[in-house]
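Biologist: I'd like some help learning to read a new model. Could we go through it together, one feature at a time?

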Amino acid sequence: MSQRVALITGVTGQDGAYLAELLLSKGYIVHGIKRRSSSFNTARIDHMYVDRHTEGARFFLHYGDLTDGSNLIRILQETQPDEVYNLGAQSHVAVSFETPEYTANGDGIGTLRILEAIRILGMEKRTRFYQASTSELYGKVQAVPQDEETPFYPRSPYAAAKLYAYWITVNYREAYGIHASNGILFNHESPRRGETFVTRKISRGVAAIHHGLQDCLYLGNLDAQRDWGHARDYVEGMWRIVQQDQPDDFVLATGTTHTVRKFVELAFAEAGINIEWSGSGVDEIGRCSKTGRVLVQVDPAYFRPTEVELLLGNPAKARAKLGWRHTVELPELVSEMVRTDLDSIAKGNALLDRELDTSLRQRSPRLKATV
Ligand code: NDP
Ligand code: GDR
């Protein structure tokens, strides 16, 4: 069998980096689409990159954007992928309330653009397509645990855009016979998680507080419950979905859920700090049980106009049909994330501009981030 070729949109993101590693380890030629940016945006994938002139090079990057249809057609034509993994997205739920039109364009119509590119190029029978769908589709709780049959009720511009992407993927499968599948993935995290998602914000905050670079961690809704797994496990599930003889839609989840508050407790415990809570709602405060110092405060700036309160997935179908199961439980995940951020600061990486910015933002309310 000839060497298989994969194209990944969103290759510079958390999942894109793990997926590229996985596919390279399986012998694939991997093409990734990266956006033009005024500063470097390839930190997560630099370790895999070798100059394209090097003999045996199998990892190639192309400039592109999901909002640019002709660019996508050209990249598909040039790379002739056997498998396309559409991971690119404006993926921050809170930010989608600030940039709803952009989010709809990239996350919703962007998916259509790739499917159309496959069709325009006559690649329907040859190219398999994976869509990064999300547990955010369930939104306002209709039932728990959530599985492939649970009704969707999106609660953000992000989820509404992803709802379109989910259904257009199903439609192109049914209308044109494309091997197109949705992975409905519940939250998955790692030390590579973007810094403004709650888990990484917490692990970085704990590390900065431990090293005396930050006084307090400001968070939003501590009661939200999420089904958190490790990103490395989930990209394995993506690959298995695409290898199925028949295209289909699958939930990937751990089957357990925890509050943001619990994540905070586990993260501080990893740094040797026990958190005691007092107050409730916007007045809730987390103190160090030894010193009484306030380490966590609620800031309503981080509340969302509409919230997804509870996500808990049922991965039974993925277990039965894909033989997929998560391997990392929450305490292990939290430990890996906090340890990595503690080490990173200890090694001096805290002197990077971004780290200093965060520390300054925490000290000055006027500069505080809104997501
Ligand atoms: P990230 O935010 O880490 O990565 C998103 C990627 O998409 C980045 O490479 C980003 O580029 C790229 N991107 C953003 N906008 C565009 C655009 N207009 N055109 C091309 N590329 C773009 O997300 P994750 O890796 O965590 O998630 C991967 C996918 O899975 C996303 O679609 C997300 O919505 C979805 N998902 C994620 C889950 C999770 O828990 N992580 C759960 C369920 C679904 P840049 O680096 O330049 O910003
Ligand atoms: P989510 O992830 O919205 O589930 O989307 P995020 O980590 O942003 O929020 C999880 C929950 O934590 C609450 N929260 C905060 N969130 C952030 N970002 N910052 C805070 O300070 C904060 N305080 C509390 C949120 O309100 C929320 O309830 C992620 C993304 O990866 C999506 O792309 C993906 O589709 C879903 O997971 C599944």
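Biologist: Which residues are the closest to ligand 1, and how many surround ligand 1 in total?

Modeller: Keep in mind that this is a predicted model. For a ligand, list the shell and then pick out its nearest members. Here 26 residues surround ligand 1, and the closest are Gly 10, Gly 13, Gly 88, Ala 89 and Ala 132.

Biologist: Which element gives the most to the shell around ligand 1?

Modeller: Try mapping the shell onto the secondary structure. Helix α1 gives the most, with 3 residues, and both α1 and β5 (128-134) supply at least two.

Biologist: How does the shell around ligand 1 divide by class?

Modeller: Sort the residues by chemistry. There are 17 polar residues, 6 nonpolar and 3 charged.

Biologist: And which residues are the closest to ligand 2?

Modeller: We can take the same steps. Ser 91, Thr 134, Val 198, Gly 220 and Ala 224 are the closest of the 23 residues that surround ligand 2. The elements giving two or more residues to this shell are α3 (93-98) and α6 (198-210). The largest share, 3 residues, comes from α6. By class, the shell around ligand 2 holds 10 nonpolar, 8 polar and 5 charged residues.

Biologist: Which domains does the shell around ligand 2 draw on?

Modeller: Here you set the shell against the domain bounds. Domain 1 (5-185) and domain 2 (195-226 + 258-307 + 330-367) each provide at least three residues of the shell around ligand 2.

Biologist: Let's turn to the sheet. In what order do the 7 strands of the open sheet run?

Modeller: Read across the sheet from one edge to the other: β3-β2-β1-β4-β5-β6-β11, with parallel pairing. The edge strands, β3 (59-63) and β11 (249-252), each pair on one side only. From one strand to the next, the twist averages 20 degrees.

Biologist: How many bridges join β1 to β2?

Modeller: Zoom in on a single pair. The parallel strands β1 (residues 5-9) and β2 (residues 29-34) are joined by 5 bridges. Within β2, Gly 32 stands opposite Ile 8.

Biologist: Which strands does helix α1 lie across?

Modeller: For a helix on a sheet, look at the strands beneath and the angle. Helix α1 (residues 14-25) lies across β1, β2, β3 and β4 (83-86), at about 165 degrees to β2.

Biologist: Finally, how many helices and strands are there in the whole protein?

Modeller: Step back to the overall picture. The protein has 11 helices and 15 strands. Its radius of gyration is 21 Å, close to the 21 Å that the globule rule gives for 371 residues, so the protein is as compact as a globular protein of that length. Along the principal axes, its C-alpha atoms fill a box of roughly 65 × 50 × 40 Å.

Conventions
Residues numbered from 1 in each chain as written. Chains lettered and ligands numbered in written order. Predicted model: local features only at pLDDT ≥ 70, side-chain atom pairs only at ≥ 80, totals over all residues. Near = placed C-beta within 6 Å. Helix = DSSP H or I, 4+ residues; strand = E, 2+ residues; numbered from the N terminus. Nonpolar A, V, L, I, M, F, W, Y, C, P; charged D, E, K, R; others polar. Domains from an automatic or database assignment. Pairing = 2+ DSSP bridges. Axes fitted to C-alpha atoms, helices over the stretch in contact; angles between N-to-C directions. Contact = placed C-beta atoms within 7 Å. Rg over C-alpha atoms; globule rule 2.2 N^0.38 Å.
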